[in-house]
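Q: I am new to this structure and would like a close look at a single part of it, set against the chain as a whole. Please take me through it step by step.

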Amino acid sequence: CDVHDEETCCDKLATCNTFICPIGYVQRPDANVLTCMFDHCREHDLHTCCGQAPNCSAMTCPVGYSYKSGYQDLLCTDAD
């Protein structure tokens, strides 16, 4: 076998942008270049593809805004 048999013998690894992160996690910003262990992302790829979502206490509200009630339990939707 040689490089011409790549499609015959090998599966391309899935990228993390195909992984759906569970509640409490957000997709990593570079998910489109991170790869899963197999041709489909699976549960064991969680920490490769997702990071824990920070809660709202990690954010400073801008001028003219205040924290919502229970903000410590609200999760942000972005990992950055």
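A: Of the 80 residues in the protein chain of this predicted model, 20% are buried, and one of the residues that is buried is Ala53, whose relative accessible area is 14%, a value under the 20% that serves as the limit for that class. Before turning to Ala53, it helps to set out the chain around it.

The protein chain has two helices and two strands, and when they are read along the sequence they follow the pattern α-β-α-β. The radius of gyration of this chain is 18 Å, well over the 12 Å that the globule rule gives for 80 residues, so the chain is more spread out than a compact globule. Its C-alpha trace spans about 65 × 20 × 10 Å along the principal axes. The surface that the protein chain exposes amounts to about 6,400 Å², of which carbon and sulfur atoms supply 53%. As for charge, the chain carries 4 positive and 12 negative side chains, and the centres of these two sets lie 9 Å apart.

Within this chain, Ala53 is found in the segment after β2, the strand that covers 50-52. Not counting residues up to four places away in sequence, Ala53 touches Gly24, Tyr25 and Val26, and it also touches Leu75 and Cys76. A further link in space concerns Thr77, which is 24 residues from Ala53 in sequence, while the C-alpha atoms of Ala53 and Thr77 are 6.8 Å apart. For the chain as a whole, among the contacts with a separation of 6 or more, 39% are between residues 24 or more positions apart.

The aromatic side chains offer a second place to look, and here the structure holds one aromatic pair. This pair is formed by Tyr67 and Tyr71, whose ring centres are 4.0 Å apart and whose planes stand at 20° to each other, and the pair is stacked, because planes under 30 degrees apart count as such. Both residues of this pair are partly exposed, Tyr67 with a relative accessible area of 36% and Tyr71 with a relative accessible area of 23%, whereas Ala53 is buried.

Key: Residues numbered from 1 in each chain as written. Predicted model: local features only at pLDDT ≥ 70, side-chain atom pairs only at ≥ 80, totals over all residues. Heavy atoms only, no water. Phe/Tyr/Trp six-rings, centres within 6.5 Å; stacked < 30°, edge-to-face > 60°. Buried < 20%, exposed > 50% of the residue type's maximum accessible area, 1.4 Å probe, protein only. Helix = DSSP H or I, 4+ residues; strand = E, 2+ residues; numbered from the N terminus. Rg over C-alpha atoms; globule rule 2.2 N^0.38 Å. Contact = heavy atoms within 4.5 Å. Areas by Shrake-Rupley, 256 points an atom, 1.4 Å probe, with all protein chains shown as cover. Lys, Arg positive; Asp, Glu negative; His and termini not counted. Charge placed at Lys NZ, Arg CZ, Asp CG, Glu CD.
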